[in-house]
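This report covers the chain interfaces and the internal cavities of one model. Please keep the sequence and the 3D view open while reading.

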Amino acid sequence: MSTDALLQVAGLSVRYETDHGHIDAIQELDLDLIRGECLGIVGESGSGKSALLLAIMGLLASTARARGSIRFRGTELIDLPTRAFNRLRGARLAMIFQDPLSALNPYLRVIDQLSEVARVHLRCARREAERRGLELMASVHINEPDRRARQYPHELSGGMRQRVMIAMALMAEPEIILADEPTTALDATVQAQILSLLHEVRVRSGASLLLVTHDLGVLAQLADRVGVMRAGRLLELASCEQLFYSPTHPYTRELLAAMPKLRVPA
Amino acid sequence: MTRGVWIAAGVLLLTALCSLIVPAMSSYDYFTPHLELVSRPPSWTGGHLLGTDPLGRDLLIRVLWGCRISLLIALVASFMSVLIGVVWGATAGYLGGGADTVMMRIVDVFYSVPFVPFVIVLTVLFGHSLWLMFVAIGAVSWLDIARIVRGETLSLKRREFIDAARVAGAGGARMIFRHIVPNLLGVVIVYATLTVPTVILFEAFMSFLGVGVRVPLASLGTLLADGAADMQAHPHLLLAPACMLTVLVYCFNFLGDGLRDLLDPRRAR
Amino acid sequence: MIDTPLLEVRNLSVSFSVRHAGRTARLPALREIDLSLSRGETLGIVGESGSGKSTLARTLLRLTEAAGGTVRFDGTDLLALKGRSLRRMRARLQMIFQDGGSALDPRQRIGAALEEPLQTLRPEWPADGRDRRVRELLARVGLEPQQADRYPHEFSGGQAQRIGIARALIVEPELVVCDEPLSSLDVSIKAQIAGLLLELKRGLGLSMLFIAHDLPAVQLLSDRVLVLYLGRVMETAGCEALFTRPRHPYTRALLQSAPVPDPRVARSRAVAPIGGELPSALFPPSGCVFRTRCPYAVERCAIELPLPRTVGDSVVACHRAEDVS
C-alpha cells in the first residue's frame, strides 16, 4: 500500500435494497488514489462507476448499504457521522457532476453559490467570499466574470455552467476532485475546452482527480492510470499507456475495439 | 402501501354489497314508520343494531339505503363527469391553438358559477329528483378532469412516440384513440377515483341543505340533516351516517392515492 | 442510370417563434440549406447543439413546417404535400429516432407498433402477409419474432433502437433519415447498432441521411458528409476528403476536438482547438456565423456572408478556405 495514497478503497461493496430483492452495484472493489494523479474509471451504464463516486462522497441513497473500507488520509469514510463528513465534503473532497444544470441551484445567482462554499468551509465574510469567487471564475476562463457572476445558471451555456461547477469544486482547495462524466452533456468543441481546463486545474492545484466516464477518449487525454469497471467489478487497472496499447482483460479489449476510431488528419 | 389499497377496496366492496343485500333480507324497510319504536338507542339485543329514527324506522337499514343512494349518485355522476371531462380535455389539448383557448375559457366560466345557488335554481325549476342530482353534480365535476386531461394531452403531444406515430402514418382519430387516450387512462382512473368522494360529499351537502334527495328516500346527506336536528337527545342518529360517510370518503381517497402510486412508476418507466 | 437526385433541398429555411425577454422573437434554426442525395448514397450530417440538424430531420419528415425553400423528393415537392398524398410519401421516406425507448408508445405492444405503418401507409399490403412481414423485420434487426407481444419497457436501449429501425424499414422506404440513432446508447451497443445500420444499408441498398454528432460513426456509414453550424452549411465533401482534408476552419476544429482513444495522439494535442462559446441562435453573428470563434477570421467575414464554393474536393462556405491548412 503506497504511502502516497490519498484515498484507499479496500473490499468496497455497495448493495441497493429494492422491493424485488437487492442489486449489487459494486462488488469487492480495491483502489488507490495517489496524490496528484489523475485516475480514470471507464465503464458502461450499470457498471457501478457512478456508485463508486457517490460512495466516496457519502452521497449514496438511503436504500444503499456500503461495506468494506474507504480511507481518506487514514479516516474511514464509510459510516462516518454526517457532521464530520460535512467538514470534508466540499473542502477536502470536491465533486463535479455530469449535468451542471441540475447540479446548480436554479434559484441562486452564480456568485451566491460560489461564495457559499467559501463562507461555509473557509469561514470567509461575504465580501471576501465573493472576491474569491470572482477570482476563481477568471481562473477557469469565464469571460466577463463580473457580469456572469450575477446571472442565474439557466442564463449560462452548458460549457460555462460546467466551468462554474469546476470553480465551486476548487474553492476550498480540495485534495481530491471527483468528476462524474463531466463532459458527457457537452458539445465536442466545448468538451475539448473543459478537458483542457481540467488538466490545467489539476496541474496547477496539485489535487488528485478521480474521473469517471464512459468515453475512453476522454481518459486517453487526461488519465495517468485507468480502471475498467463492469457490473460492479474492477476488471483491470493499469497505467494509461498500458491499458490502451496492451490491455490484458478481454472486456477491455472489447471496449477498445468497439470504439470506432476516427481516422484523424495528420 | 398496497395492502392498504386492497383493504380500502375490500371495505368499499363489502359496504356496497351490504347496502344491496341487507335491506332486502331484513324485515324492516326504510320508509314505514313505526311510531311505537321512536328514537330507540342502539342495542344488540333489541333487534335494531343502530337504533331507530324519530319515525321508528330502523337506522341501520336507513343508513345502508343512504349508502346505496349515495354510492349510486357518486358513481353515475362521476362516470358522466369523467366521460365529458376526458372528451373535452383531450380534444382541447390535441387541437391546441384557438380551439383549445375557447374550450378552456368555457371551463373557466363554468368554474366561476357558484355551485350551491346553481343547484338550488335547478331544484326550483325541475323539482327534487335523483336525476337532477346526477346532472347537477356531473355538470360541475367534469371541470377538474377536463383541465387535468388537457394538461396531460399537451405533454403527451410533445413526446417522441407521438412524432414516431405520425411518421408511421397515424393522424387525427387514430392518434387520439390509439395513442393518446390509452396513455391518459392511468391519470384518468386515478382522478376518477378521487372525484367520487368529492361527489359523495357534494351530494351529502346538497341533501343536508334540503335541495337534494326527496324524503322518504334516504341519502347520507338527509340522514345527516335529520341526525343533526336531534343531536343532543339522540346522538346515534348523527353518528351512524357520519361514520358511514367518513368510511366511504376515506376509502375512496385511499384507493385513489394507491392507484396513483401503482400506476405512476410504471408510467414513468 | 437515374440522374435526378433522390432528395434535393434548395434554400431551405426553418425558424421558430420563441419568447425572449418578454417578447416573441423568431429563432432561425436553419438558413439557406442546400443539399442533395443520390439513390443508394448515405449523406452524413454533423453538427453540435444548435446546428439545426435535428430540425432538418424533422422538417424533411414534415413534423416541423419550413419557412422557405424547396425540398424535392424524387421530383415531387415534399413541402406542399397534404393529407393522403403526404401519407403516401411517408411510405417512401421514413425516420429512425434518437431514443428508441421514447419513440415507442408505452401502451402499445411492439408487434402492433410495427404493424401500424403497414396498415396506414401500405394499405395494399395483404392483411395476412402483415404478420409475416413483422416477424421478418424483427429477425432482420436481430430480435426474436416471439417478442412481438412484449411492451417497450421490457426491452433494453439497444433493443428498442432495433425496433425503431425495424419500424422505419417495414414499409420498404427509399430514404431513411436517422436522427442521432446512436447517441443514447452505450459504447458497445453503439458499435452493434452502427454495424446493423451498415449491414442494412448495404443489404437493402438504402439511401440514408445520417445525422449525428459522433464523428467516427459518421465516417463509418457515410459516403458524403455535410457540416452544419448554427443553422448554416459550412462544408460538404466526400467522406474521405472531409476527414483527411477538411477545408473549413470549423470542420478542422470539430475533427481536432473529437476525443481519440490513443494516449499518445491525444496528449500531443492537449490544448483545446478552439475557444469561445456558441453564439446565441436568436442573434446569430453577421456575415459568417462561425467568425466569432474562427482563428482565420478577418474583417470581410463580419460583413459578407460566405457563399458555398468549390475548393479542392469540398464545397465550402468560407472566404479563407484556401488558407486553411
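## Interface of chain A and chain C

Chain A and chain C bury about 3,200 Å² between them, and carbon and sulfur atoms account for 56% of that area. On the chain A side, the residues that lose the most area to chain C are A:Thr189, A:Tyr245 and A:Leu262. Together these three give 20% of what that side buries. The model is predicted, and all values here are computed from it. By residue count, chain A puts 38 residues into the contact and chain C puts in 34.

Polar links cross this interface too. The count is 1 salt bridge. C:Arg264 pairs with A:Glu241 in a salt bridge, with 3.3 Å between the closest N and O atoms. There are also 14 residue pairs in polar contact, with both partners at pLDDT 80 or more. Which elements of chain A give two or more residues to the side that touches chain C? They are helices H7 (158-170), H8 (188-205), H9 (216-222), H10 (240-245) and H11 (250-258) of chain A. The residues on this side of chain A split into 20 nonpolar, 10 polar and 8 charged.

## Interface of chain C and chain B

Chain C also meets chain B. Here 25 residues of chain C touch 18 residues of chain B. The buried area is about 1,900 Å², and carbon and sulfur atoms supply 51% of it.

Between chain C and chain B there are 2 salt bridges. C:Glu116 forms a salt bridge with B:Arg174, where the closest N and O atoms are 3.0 Å apart. Polar contacts number 11 residue pairs, both residues at pLDDT 80 or more. On the chain C side, helix H2 (83-90), strand E6 and helix H3 (110-121) each give two or more residues. H3 of chain C gives the most, with 5 residues. By class, this side of chain C has 10 nonpolar, 7 polar and 8 charged residues.

## The largest cavity

How many cavities of 30 Å³ or more does the structure hold? There are 6. The largest encloses about 100 Å³ of space. Its lining counts 15 residues. Nearest the centre are B:Ala164, C:Met95, C:Phe97, C:Gly164 and C:Arg167.

Three elements each supply at least two residues of this lining: helix H6 (160-167) of chain B, and strand E6 (93-96) and helix H5 (157-169) of chain C. E6 of chain C also belongs to the elements on the side that touches chain B. H5 of chain C gives the most to the lining, with 4 residues. By class, the lining of the largest cavity has 10 nonpolar, 4 polar and 1 charged residue.

## The second largest cavity

The second largest cavity holds about 70 Å³ of space. It is lined by 13 residues. Closest to its centre are C:Cys288, C:Cys294, C:Ala297, C:Cys301 and C:Cys318. The lining of this second cavity divides into 9 nonpolar, 2 polar and 2 charged residues.

Notes: Residues numbered from 1 in each chain as written. Chains lettered and ligands numbered in written order. Predicted model: local features only at pLDDT ≥ 70, side-chain atom pairs only at ≥ 80, totals over all residues. Heavy atoms only, no water. 1 Å grid on protein atoms, 1.4 Å probe; cavity = no way out; pocket = protein on both sides within 12 Å on 5 of 7 lines; lining within 4 Å. Points joined across faces, edges and corners; volume = space filled by probe spheres on them. Nonpolar A, V, L, I, M, F, W, Y, C, P; charged D, E, K, R; others polar. Contact = heavy atoms within 4.5 Å. Buried area = accessible area lost by both parts, 1.4 Å probe. Salt bridge = Lys/Arg side-chain N within 4 Å of Asp/Glu carboxyl O. Polar contact = N/O pair within 3.5 Å; in protein donor to acceptor, adjacent residues only side chain to side chain.
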